[in-house]
Amino acid sequence: MGESRNPITASCSFMSVKPIMADLPYPPLQVREKNQAYANLLSIDYCGSVSEMSAITQYINNENRLSYERCPIAKTLLGIAMAEMMHLQKLGELICLLGGNVDFTAKYQNGGRRMWTPEYLTIPENIQKMIMADIGAEKDAVRQYQMHMDMIKDECINAVLARIIKDEEYHIMLLQWMLKEL
C-alpha cells in the first residue's frame, strides 16, 4: 500500500463572518436628477486608486494570507471586506441612477479615465504593516469621500456618502485597536 499523507487543511472557518459596519441604517439610494459629473466622481470612489474596489481586494488578500495562522484577525478583515462590498454595491447603484456606467473605469474631471488595476494595492509582508496600510487606506477614503461631498450638491447622495464614512471611521477604530493588540 502507498504511504498515507496527512493533508494540510485550513482550520479557520468563515461561516459565521458578517459585514463589520456601524449599527446604523443606510439612507435610501436616490438622486435628485441625473448628473454625469457626479457619476464620474463616484466612479473614482468605486474603482479609483482610493476606492471600494481597492479596499475589498486589499482586505481579501490580507485575509487570505493571514487565515492559516491568524484566524481571528483574518475573520475581522473579511468582515470589513464584506462591508466594503456593500459600499461598492451602493456606489454602483448611485452611479447608474445618475446616468453613469459601472465599468471599473474611474472617470476624472480633466477627462482622464483609468481602469481599476491591482497596482493600486499595498501588499506588505508583515501583519503590522498590513494593518497600518489598511488604516492609511481607510483614512484616505474618508478624506476623498469628504472632498466629493463638498463637490456634490445633492443631499440624497451626500447622505449615503456620510453613512459610508461612518463605516470607514469604525473600521479605522477597529484596525487601530487590532494594531495595539499585536
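Okay, a definition to begin with: a cavity is a set of grid points where a 1.4 Å probe fits but cannot get out. Keep that in your head, we'll need it in a few minutes.

So, what you have up there is a predicted model. How confident is the predictor in the chain? The mean pLDDT is 94, and 95% of the residues reach 70 or more. Helix by helix, α1 comes out highest, at 98, while α2 is lowest, at a mean of 95.

Let's spend some time on α4, which runs over residues 127-151. Here's a little sanity check you can do yourselves. How far apart should the ends of this helix be? With 25 residues at 1.5 Å a residue, α4 should span 36 Å, and its end C-alpha atoms are indeed 36 Å apart, so the two agree.

Now look at how α4 begins. A side-chain oxygen of N126 comes to within 3.0 Å of the backbone nitrogen of Q128.

Which residues of α4 are buried? Among them are I127, M130, I131, D134, I135 and E138, and further along you'll find A141, V142, Y145 and H148. Why do such spacings turn up in a helix? An α-helix has 3.6 residues a turn, so residues three or four places apart point the same way. And what sits over those buried residues of α4? The cover includes α1, α2, α3 and α5.

Let me jump over to α3 for a moment, where we find T76. Is T76 buried or exposed? Its relative accessibility is 18%, and the cut-off for buried is under 20%, so T76 counts as buried. Leaving out residues up to four places away in sequence, T76 touches I20, L174 and M178.

Right, on to the empty spaces. The largest pocket has a volume of about 250 Å³. It is lined by 20 residues, and S49, V50, S54, Q58 and A137 are the closest to its centre. Two elements, α2 and α4, each give two or more residues to that lining. The largest share is from α4, with seven residues.

And here's where our definition pays off. How many cavities of 30 Å³ or more are there? Just one. The largest cavity has a volume of about 30 Å³. Its lining is made up of D45, V50, S51, E52, A141, Q144 and Y145. Once again α4 gives the most, this time three residues.

If you go back to the structure afterwards, try following α4 from the N126 contact at its start to the residues it lends to the largest pocket and the largest cavity. Thanks, everyone!

Methods
Residues numbered from 1 in each chain as written. Predicted model: local features only at pLDDT ≥ 70, side-chain atom pairs only at ≥ 80, totals over all residues. Heavy atoms only, no water. Helix = DSSP H or I, 4+ residues; strand = E, 2+ residues; numbered from the N terminus. Expected span 1.5 Å × (residues − 1). Buried < 20%, exposed > 50% of the residue type's maximum accessible area, 1.4 Å probe, protein only. Contact = heavy atoms within 4.5 Å. Polar contact = N/O pair within 3.5 Å; in protein donor to acceptor, adjacent residues only side chain to side chain. pLDDT = per-residue confidence, 0-100. 1 Å grid on protein atoms, 1.4 Å probe; cavity = no way out; pocket = protein on both sides within 12 Å on 5 of 7 lines; lining within 4 Å. Points joined across faces, edges and corners; volume = space filled by probe spheres on them.
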